[in-house]
Amino acid sequence: MKYKGYLVEEKGDTFSGTIQEVEMPPIADGNVIIKVNYSSLNYKDALASSGAKGVVSSYPFIPGIDVAGEILESASNNFSEGDLVIATGYKLGMSVFGGFGELVQIPSNWVVPLPDNMSLLQSMSYGTAGLTAGACVKKILDSSKIIDMPVVVSGATGGVGSVAVNLLNKLGYEVHAITGKPTEEKLLNMGASKIIDRTEFLGTPAKPLDRAIFSAGVDTVGGETLSKMLSMIDAHGSVSCCGNVGGAKFTSSVFPFILRGINLIGIDSAESEIEFKKSIWNLFANEWSLDLSAFTKVISLRDVNDEISKILSTDNQKILFDNNSRRRLQELLELLNNGEKIPIY
């Protein structure tokens, strides 16, 4: 069985992606073949397409860390031909050909049924970033009670941060958004009640314990931002952490934890249990439903090259490689050399 996909190839020191015809291997026991309707474009996909070391296991390769579509063939008792499904994370788009193709073949235990109240397009308007944001909020709500104080979100214009801002606003919380971009109107439209300039937020070093002004936080950045956020969370609040663009290491004291009882919650949406992923998708299909149409752009495979170029030329890349200098690059290299995965959404 042949299908078309955005195949990234390594030629000398360069990497380039073109739409090519690819052979689908025979279906393996326990696997499903999905006819892809939509896949979201993440920063990790852009890095995979550019040949960034440590993201993809080998080339040639088809990126795409998530997919929404229809079961074309099943060698599993869990799904039947014609079922509408979603798959995110695990090895998809990293060591298994991903969603930037007409078909994918993956283990059935990576797959969840599309909820009744959600379309395939809606599911990928959330995508991996939305799933991660949902996991951040769910873990906070499960671990602490959010009182009348605001919830703070860092990296608020990114994929995870923007969905977190939208969701927390929908749930009735006052949201303060930290950003380094001049996008105040966009964030206010998302539901933020206050915009915090990242430079000002980091203008003074984090204290072991600062004045508590937030009831909880979603941190998509890491580094100094996480350090300062922890010191400003009220008693028995929680911070969910899911990113490292600001640094893989952070400095804190024990005081937020032993004097205020704060919870620091790590989020790994890619490797989360499938039942947990299913619960987040069902929430987004029902009481957590968001209208993300104004923030969603639909493109075809032939447009992928242009969109990847835009992603790699944005300020996101400058934050990762410019603003954090050699120390940040060394941290990333150490992680890669140790075989660690670097979560970038």
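Where does Pro 60 lie? Pro 60 is found in the loop between α1 and β4, and the peptide bond that leads to Pro 60 from Tyr 59 is cis, with omega near 5°. The model is a predicted one, in which local features need pLDDT of at least 70 and side-chain atom pairs count only at pLDDT 80 or more, while totals for chains, interfaces and linings use all residues. Residues are numbered from 1 along each chain as its sequence is written, and side-chain values use heavy atoms, with hydrogens and water left out. Helices (H or I, at least four residues) and strands (E, at least two) are DSSP runs, numbered from the N terminus.

**Helix α1 and the loop after it**

Helix α1 covers residues 43–50, and seven of its eight residues are buried, so this helix is largely enclosed by the rest of the structure. Here buried means under 20% relative accessible area, exposed means over 50%, and partly exposed lies in between (1.4 Å probe, protein chains only). Among the buried residues of α1 are Tyr 43, Asp 45 and Leu 47. Gly 51 follows just after α1 and lies in the loop between α1 and β4 (66–74). The C-alpha atoms of Gly 51 and Ser 16 are separated by 8.6 Å, although these residues stand 35 apart along the chain.

**Residues with positive phi**

The table sets out phi and relative accessibility for Gly 51 and for two residues that are not glycine, Tyr 90 and His 236.

| Residue | Place | Phi | Relative accessibility |
|---|---|---|---|
| Gly 51 | loop between α1 and β4 | about 85° | 8%, buried |
| Tyr 90 | loop between β5 (84–88) and β6 | near 55° | 12%, buried |
| His 236 | strand β12 | about 65° | 56%, exposed |

**The antiparallel sheet**

Five strands form an open sheet in the order β6-β3-β4-β5-β7, with antiparallel pairing; two strands pair if DSSP finds at least two bridges between them. At the edges stand β6 (103–107) and β7 (111–113), each with a single partner strand, so one side of each is left without a neighbour in the sheet. Strand β3 (residues 31–38) is joined to β6 by five bridges, and Val 32 has Ile 106 in β6 as its bridge partner.

**Strand β11 and its parallel partners**

Strand β11 (residues 214–219) has six of its six residues buried, so it is largely enclosed by the rest of the structure. It pairs in the parallel sense with strand β8 (residues 151–153) over three bridges, where Val 152 stands opposite Gly 217 of β11. Five bridges also join β11 to strand β12 (residues 233–241), again in parallel, and Ala 216 has Ser 238 in β12 as its bridge partner. From β11 the chain crosses through helix α6 (residues 223–231) to β12 in a right-handed β-α-β crossover, a term used if, with the strands pointing away from the viewer, the path from the first strand over the helix to the second runs clockwise. Helix α6 is itself mostly covered, with eight of its nine residues buried.

**A nonpolar surface patch**

Phe 250, Val 254, Phe 255, Phe 257, Ile 258, Leu 259 and Leu 264 make a nonpolar surface patch of about 630 Å². Patches are made of residues with over 30% relative accessible area and no salt bridge, with like charges joined within 9 Å and nonpolar side chains (Val, Leu, Ile, Met, Phe, Trp, Tyr) within 5 Å. A salt bridge is a side-chain nitrogen of Lys or Arg within 4 Å of a carboxyl oxygen of Asp or Glu, and accessible areas come from the Shrake-Rupley method with a 1.4 Å probe, where for residues only the protein chains shown count as cover. Helix α7 (residues 255–258) gives the most to this patch, with three residues. Leu 264 has its place in strand β13 (residues 263–266) and counts as partly exposed at 34% relative accessibility.
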